[in-house]
Amino acid sequence: MNYSRQREEVLSQLQMHHDHPTADVIFAELRERNPNISLATVYRNLRLLSEQGTIQKIGFVSGADHFDPNALPHYHFVCDHCGRVIDVPMEVAEHLNEQAQRYISGKVMSHELVFHGLCEECSGEYDSI
């Protein structure tokens, strides 16, 4: 893929996050510094970075896709109340691919595991009710 200054800006902005932002969030932040950047440019570059494996697109959250600068295999936790996406720093269970392969006639290449519940903030809200 050829170098693109705008793609580099999108990647750099995403790498400043630890909260798995949407394209709209990245766009709003970039627009403050570069009023000429378009939302289509941000979406296109996030898609390209995801396709080349530089970043991870997270599509399991209801609503808009979220993006993760960490492209290495890892798990996520999604708060069912506020939609927050949090990395789960546990070892990836590669044996799940082998176990799933027993039930699938094709070739299992990888898996995604998402935990659901309430984040610390939201669970505190429910404790006080």
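The following questions and answers concern the nonpolar cores and the aromatic pair of this predicted model. Residues are numbered from 1 along each chain as its sequence is written, and side-chain values use heavy atoms, without hydrogens and water. Local features need pLDDT of at least 70, side-chain atom pairs count only at pLDDT 80 or more, and totals for chains, interfaces and linings use all residues.

Me: Which helix gives the largest share of the largest nonpolar core?
Reply: A nonpolar core is a set of buried Ala, Val, Leu, Ile, Met, Phe, Trp, Tyr and Cys residues (buried: under 20% relative accessible area; exposed: over 50%; partly exposed: in between; 1.4 Å probe, protein chains only) joined through side-chain atoms within 4.5 Å. The largest one has 13 residues. Two or more residues each come from helix 1 (5–15), helix 2 (23–33) and helix 3 (39–51), helices being DSSP runs of H or I with at least four residues and strands runs of E with at least two, numbered from the N terminus. The largest share, four residues, belongs to helix 2.

Me: How are the rings of Y75 and F115 arranged?
Reply: Rings of Phe, Tyr and Trp (its six-membered ring) pair if their centres lie within 6.5 Å; planes under 30 degrees apart are stacked, over 60 edge-to-face and the rest tilted. The ring centres of Y75 and F115 are 6.4 Å apart and their planes stand at 85°, so the pair is edge-to-face.

Me: Is F115 buried, partly exposed or exposed?
Reply: F115 lies in strand 5 (residues 114–117). Its relative accessibility is 32%, so F115 counts as partly exposed.
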